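Trainee: Got a minute to go through a fold with me? I'd like to start with the sheet and then look at what is packed inside.

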Amino acid sequence: MAIGVLLATAVVDAAALQPRVVATGLSSPVAVAGARGDARLFVAQKGGSIVTVANGSATEYLNITSLVASDSERGLLGLAFDSAYRTNGRFYVYYIDSNT
């Protein structure tokens, strides 16, 4: 599966935006986030892994597949960065626990 992203750094006319593929080979991507000060995109995949995308290359960043129930509508559903991520490295994941 490929993921396309529209990136805008200022207020622009929506008609002027052009989508482009930034990574391929992903497995059920469900969320994309970026951390202030970090050029990488972080992609949450339903099965329980997060990959970073930079320069067209995807690299596994976190794998919690053993903790995640990913059948049906369940799985790793989102991620968010702490407002102080640059200094504390904290980010948060939203997932359905495999023990539920």
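Here are a few questions and answers on this predicted model.

Trainee: Which strands stand at the edges of the open sheet?

Mentor: Start with the strand order, which is 3-4-5-6, with antiparallel pairing. An edge strand has a single partner, so one side of it is left without a neighbour in the sheet. That description fits strand 3 (29–34) and strand 6 (57–63).

Trainee: And which residue stands opposite V43?

Mentor: Look at strand 4 (residues 41–45) and strand 5 (residues 49–54), which run antiparallel and are joined by 5 bridges. Across from V43, in strand 5, you'll find V51.

Trainee: Is G56 buried or exposed?

Mentor: G56 sits in the loop between strand 5 and strand 6. Its C-alpha is 8.4 Å from that of V21, though the two are 35 residues apart in sequence. Exposed means over 50% relative accessible area. G56 has 54% relative accessibility, so it counts as exposed.

Trainee: Which strand gives the most to the largest nonpolar core?

Mentor: That core has 12 residues, including A31, F42, I64 and L79. Strand 3, strand 4 and strand 7 (76–81) each supply at least two of its residues. The top contributor, with 3 residues, is strand 7.

Trainee: How many residues are in the other core?

Mentor: It lies apart from the largest one, and V22, L26, L41 and V51 are among its members. You've met V51 already, as the residue opposite V43. The count for this other core is 7 residues.

Methods. Residues numbered from 1 in each chain as written. Predicted model: local features only at pLDDT ≥ 70, side-chain atom pairs only at ≥ 80, totals over all residues. Heavy atoms only, no water. Pairing = 2+ DSSP bridges. Helix = DSSP H or I, 4+ residues; strand = E, 2+ residues; numbered from the N terminus. Buried < 20%, exposed > 50% of the residue type's maximum accessible area, 1.4 Å probe, protein only. Core = buried A, V, L, I, M, F, W, Y, C linked by side-chain atoms within 4.5 Å.
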